[in-house]
There are 2 protein chains.
Amino acid sequence: MSKRPKKSSAEQPTSGLPLGLNQIPLLKILSAQDRQQVLSEMTETRYGKGQYIFREGDPTEYFHIVKEGSVKCVKSSLDGKECTLKVLMPGDLFCCDASAFDGASHPGTAQPMGDVSVLRMKKEAYFKMLRRNPDAAMEVIRYLGSRLNEAQEKAKVLALDSADQRLASLLASLAERSGVREPSGIRLTVRLTRQDMANMVGVTTETAIRIMARFKKDRLVTGTAARLVIRDLPRLKLLAST
Amino acid sequence: MSKRPKKSSAEQPTSGLPLGLNQIPLLKILSAQDRQQVLSEMTETRYGKGQYIFREGDPTEYFHIVKEGSVKCVKSSLDGKECTLKVLMPGDLFCCDASAFDGASHPGTAQPMGDVSVLRMKKEAYFKMLRRNPDAAMEVIRYLGSRLNEAQEKAKVLALDSADQRLASLLASLAERSGVREPSGIRLTVRLTRQDMANMVGVTTETAIRIMARFKKDRLVTGTAARLVIRDLPRLKLLAST
DNA sequence: AATAAAACATGACAATTGTCATGTTTTTGA
DNA sequence: TCAAAAACATGACAATTGTCATGTTTTATT
């Protein structure tokens, strides 16, 4: 029990890199030299609760990578309703897309969920880097493609599934993307209120609360925001697709 | 009335190209030489009603470009419900995305809407082309980015808007993307049944019919599938965002 | 031109989800 | 640690949309 993993600097011979940076897919595929160059052009920024990384309508000036924590991408309608389109996790890229071309502005708001750290780089430098580096360009194409598939899958779920199924899908996918095993089940590492869930699946907060109460009664999940545990992932996935 | 536009071959000095090919953005940015090479690796195929270009689950082997006509991208759920995620038009790319990497399979079905013609190319050749040609890679990144934004906008609409608004959004965007001016309004060049509309906005056919009946009564639209005319685009757009 | 097959249409009713009101519990921050 | 603010919870009722049944009109096919 008292055995702790050591500080792993010994196993990281590519020292100059701040810890974790060489786990980011896009950086990993660069040559050591290119990576240095890119890192020298990137700055790290921390954000906390209540702040914005950028807001819908702001001009797009930077390309971003999530280094630590989670970031939510939100759009809102004129009458104040909001929806959360995506939770970005470490390694995820954002503003690697079209709004960065031509002088467009951000199509949505990027908001930290708790404390986060992001790397960013002027979009011009980002484009130059991609042109110099076919491997990086291919990686961005692969990444954007997978984001597109994911977004379309989400649209499908919103178009065809019931509120129950949508919420079950959400919990299942979060469990797989950001869950840690625990004796009682899979705990989500992202803090997620009922309100957050509601925004992610396009229902009202009340509906999300009622459905979660039902899931809890059926022993599929336990706990609330700070400590949300998936108790029966297989059954949740079944429910999502039934 | 009897005056017709001439066959425009005279205005197309880049002759060797089949008509229209040099209007496709991705091909346009290539050097004449690269374009020849790419075209030599592409084959053109025609499809008609009732056929499939590929189906959900088929292995992804080719990269595609729509040359003529419209193609719909469809996903279906286990219980037989379908949703149409996107209508591709000439110049649109498909399978330029993640499913082409690693041996993945198509996440959805591609179905012609009427007669279409598509160009296709082995995905290996496509990747090689992108690696050789940074301009092409950048164009694909730009394109995928805009597709991602569009898909997320669609998800937002599905999550937050009423059935009326979703339908109004659909008609407005189609009018802008594929409409031709006519004395009575903007006629859609894609043939679109009420059922098609229903699948595109995530409602039942009956609901789509009822809403369209209302739109017709309010003089926003006229006609059905074969000849669908938008009579009041501004008001339709207003309705979409109210 | 005749016939079959889609597409369009409408009503009655049911189910799902939203709205509003109100109250309790938990979390956060001074 | 205490107060304020979020988050969670629940009931009653309303609105939206789906379901099913049935019939007409339009479009496609031989």
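This tour goes through a predicted model, starting at one helix of chain B, passing along the two DNA strands and ending at a single methionine.

**Stop 1: helix 7 of chain B**

Select residues 205–217 of chain B, which form helix 7; from its first C-alpha to its last, this helix of 13 residues reaches 18 Å, close to the 18 Å expected at 1.5 Å a residue. Now show the side chains of Ala208(B), Ile211(B), Met212(B) and Phe215(B), which are the buried residues of the helix. These four lie on the same side of helix 7 of chain B, because they cover an arc of only 100° around its axis. The spacing follows a general rule: an α-helix has 3.6 residues a turn, so residues three or four places apart point the same way.

Turn the view to the other side of helix 7 of chain B, where Arg210(B) and Lys217(B) are exposed; keep Arg210(B) selected, since it returns at the DNA. To see what covers the buried residues of the helix, add further elements of chain B, including helix 5 (163–178), helix 6 (194–201), strand 8 (221–222) and helix 8 (233–240). Before leaving, step just past the end of helix 7 of chain B to Arg219(B), which takes a positive phi of about 60°.

**Stop 2: DNA strand C**

Select DNA strand C and the 17 residues around it, of which Ala163(A), Thr207(A), Arg210(A), Arg194(B) and Arg210(B) come nearest. Of the atoms of DNA strand C that come within 4 Å of the protein, 65% are accounted for by sugar and phosphate. Colouring this surface by residue class gives 4 nonpolar, 6 polar and 7 charged residues, and both helix 7 (205–217) of chain A and helix 7 of chain B each supply at least two of the residues there.

Where does a polar side-chain atom of Arg210(A) lie 2.9 Å from DNA strand C? Its partner is a base oxygen of that strand. At the phosphates, by contrast in atom type, look for a polar side-chain atom of Arg191(A), 3.4 Å from a phosphate oxygen of DNA strand C, and then for a polar backbone atom of Arg194(B), which is 2.7 Å from a phosphate oxygen of this strand.

**Stop 3: DNA strand D**

Move the selection to DNA strand D, which has 16 residues around it; those that come nearest are Arg194(A), Arg210(A), Ala163(B), Thr207(B) and Arg210(B). Sugar or phosphate holds 62% of the atoms of DNA strand D within 4 Å of the protein, and the rest belong to bases. The surface near this strand divides into 4 nonpolar, 6 polar and 6 charged residues, with helix 7 of chain A and helix 7 of chain B each supplying at least two.

Arg210(A) appears again here, with a polar side-chain atom 3.1 Å from a base nitrogen of DNA strand D. Along the backbone of DNA strand D, an N or O atom in the side chain of Arg191(B) is 3.5 Å from a phosphate oxygen, while a polar side-chain atom of Thr204(B) lies 3.3 Å from a phosphate oxygen.

**Stop 4: Met138(B)**

Finally, select Met138(B), which has its place in helix 4 (residues 134–160) of chain B. Is Met138(B) buried or exposed? Met138(B) counts as buried because its relative accessibility is 6%, under the 20% cut-off. Leaving aside residues up to four places away in sequence, Met138(B) touches Phe101(A), Phe127(A), Leu130(A) and Arg131(A). Add Leu26(B) to the view as well: Leu26(B) and Met138(B) are 112 residues apart in sequence and 9.8 Å apart in space, C-alpha to C-alpha.

Methods:
Residues numbered from 1 in each chain as written. Chains lettered and ligands numbered in written order. Predicted model: local features only at pLDDT ≥ 70, side-chain atom pairs only at ≥ 80, totals over all residues. Heavy atoms only, no water. Expected span 1.5 Å × (residues − 1). Buried < 20%, exposed > 50% of the residue type's maximum accessible area, 1.4 Å probe, protein only. Arc of directions from axis to C-beta. Contact = heavy atoms within 4.5 Å. Near = heavy atom within 4 Å. Polar contact = N/O pair within 3.5 Å; in protein donor to acceptor, adjacent residues only side chain to side chain. Nonpolar A, V, L, I, M, F, W, Y, C, P; charged D, E, K, R; others polar.
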